[in-house]
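Trainee: Could you take me closely through one part of this model, the way its helices pack against each other? Short sentences are fine.

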Amino acid sequence: LEQSFELLKEFKVGIDSTGLIPIERAVMEVHGNEAARAALEKRLVAYLASSYSSVTRAFVCRQLVLIGSAASVPAVTPLVLDEELSVHARNALEHIPGPESEKALRDALGQAKGRTRIGVINSVAARRDAASTPVLIKILGEDPQSAAAAAKALGEMGTSEAAKALVTARGKGPAPVQQAVADGTLICAERLVAIGQRSQAITLLEGLTDASQPEHVRVAARRTLSAVTRKS
């Protein structure tokens, strides 16, 4: 294990990664041992410093997916805005439980740009962080790619506020955004049913069955509506 950590210091593209297997094994073995897990997490987090290579930091993020806690969040968060490392950092934050990781992703929504922001939107959706809803609603009015991602993320929130925003956005923007709004609405309806908000879900779905919607959207909405009403 010590040799493996020594290798991690100098790890870069082209170096045989089999030398890191002892670290991966250690990560698997600390489950159920909180003291050992915390100690290994602390040791790994030290390698997220900018003095280490991108491949080293990506490797560490992959391990934190498995054993990361709130203690890792401050070190992982800056990497979310790094185009090369963002996907690894976001994946770690998606899996680290607690409000700290949710807040880190939420705050990144206002700072990330381009493809990186779309990735952050998708991570917020994966965490279903309802506190991100106001920012996602704002993004609905921005560039089409971001707006489409935000529409689907709002669907994942599955809240009354998200549902209202999706209804307001219906029929607006270019075709890809309208399709994402329809998809988000279908997802939102399913989430609302799951928390017992059946009547609101039915209202949402009924709005997708009118003639203004594409045929495939109407078909999907009717199918979902039928399933929901059968459960009523």
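Mentor: Start where helix 2 crosses helix 4: the crossing is right-handed. Keep in mind that this is a predicted model. The axes of helix 2 (residues 21-29) and helix 4 lie 9 Å apart, and the packing angle is about 15°. Angles under 35 degrees count as roughly parallel, so helix 2 is roughly parallel to helix 4.

Now the side chains at that contact. Helix 2 supplies Ile-23, Glu-24, Val-27 and Met-28. Helix 4 answers with Phe-59, Gln-63, Leu-66 and Ile-67. By class, the contact of helix 2 with helix 4 has six nonpolar residues, one polar and one charged.

Step back for the setting. The chain has 14 helices and zero strands. Read from the N terminus, the elements are α-α-α-α-α-α-α-α-α-α-α-α-α-α. The C-alpha atoms fill a box of roughly 65 × 35 × 30 Å along the principal axes. Of the 232 residues, 46% count as buried. Take the contacts with a separation of 6 or more: 57% of them join residues 24 or more positions apart.

Follow the chain out of helix 4. The loop between helix 4 (54-67) and helix 5 (73-76) holds Ser-72. Is Ser-72 buried or exposed? Ser-72 has a relative accessible area of 0%, so it counts as buried. Leave aside residues up to four places away in sequence, and Ser-72 touches Glu-41, Val-45, Leu-64 and Ile-96. Compare its position with Ala-36: the two are 36 residues apart in sequence, and their C-alpha atoms are 15 Å apart in space.

A second loop reads another way. Arg-128 sits in the loop between helix 8 (114-127) and helix 9 (133-139). Its phi is near 50°, a positive value in a residue other than glycine. Most residues other than glycine have a negative phi. Arg-128 is partly exposed, at a relative accessible area of 39%.

Next, helix 12, which packs with helix 10 and also with helix 11. Check its length. What span should its 20 residues give at 1.5 Å a residue? The expected span is 28 Å, and the end C-alpha atoms of helix 12 are 29 Å apart, which agrees. The buried residues of helix 12 are Val-177, Ala-180, Val-181, Ala-182, Gly-184, Thr-185, Leu-186, Cys-188, Ala-189, Leu-192 and Val-193. A general point helps in reading such a list: an α-helix has 3.6 residues a turn, so residues three or four places apart point the same way. After helix 12 comes Gly-196, whose phi is positive, near 90°.

Take helix 10 (residues 144-157) as one partner. Helix 10 and helix 12 pack at an angle of about 10°, with axes 6 Å apart. Helix 10 and helix 12 are therefore roughly parallel to each other. From helix 10, the contact uses Pro-144, Ala-147, Ala-148, Ala-151, Lys-152, Leu-154, Gly-155 and Glu-156. From helix 12, Pro-176, Val-177, Ala-180, Val-181, Asp-183, Gly-184, Ile-187, Cys-188 and Arg-191 take part. The classes in the contact of helix 10 with helix 12 are 11 nonpolar, two polar and four charged.

Helix 11 is another partner. The axes of helix 11 (residues 160-169) and helix 12 (residues 175-194) come within 10 Å and cross at roughly 155°. Over 145 degrees counts as roughly antiparallel, which means helix 11 is roughly antiparallel to helix 12. The crossing of helix 11 past helix 12 is left-handed. At this contact, Ser-160, Ala-163, Leu-166 and Ala-169 of helix 11 meet Val-181, Gly-184, Thr-185, Cys-188 and Leu-192 of helix 12. Six residues of the contact of helix 11 with helix 12 are nonpolar, three are polar and no residue is charged.

Zoom in on one residue there. Ala-163 lies in helix 11. Its relative accessibility is 2%, so Ala-163 counts as buried. With residues up to four places away in sequence set aside, Ala-163 touches Cys-188, Leu-192, Gln-200 and Leu-204. Ala-163 and Gly-184 are 21 residues apart along the chain, and 8.9 Å separates their C-alpha atoms.

How values were computed:
Residues numbered from 1 in each chain as written. Predicted model: local features only at pLDDT ≥ 70, side-chain atom pairs only at ≥ 80, totals over all residues. Heavy atoms only, no water. Axes fitted to C-alpha atoms, helices over the stretch in contact; angles between N-to-C directions. Helix = DSSP H or I, 4+ residues; strand = E, 2+ residues; numbered from the N terminus. Parallel < 35°, antiparallel > 145°, perpendicular 65-115°, else oblique. Left-handed = near helix turned anticlockwise from the far one by under 90°. Contact = heavy atoms within 4.5 Å. Nonpolar A, V, L, I, M, F, W, Y, C, P; charged D, E, K, R; others polar. Expected span 1.5 Å × (residues − 1). Buried < 20%, exposed > 50% of the residue type's maximum accessible area, 1.4 Å probe, protein only.
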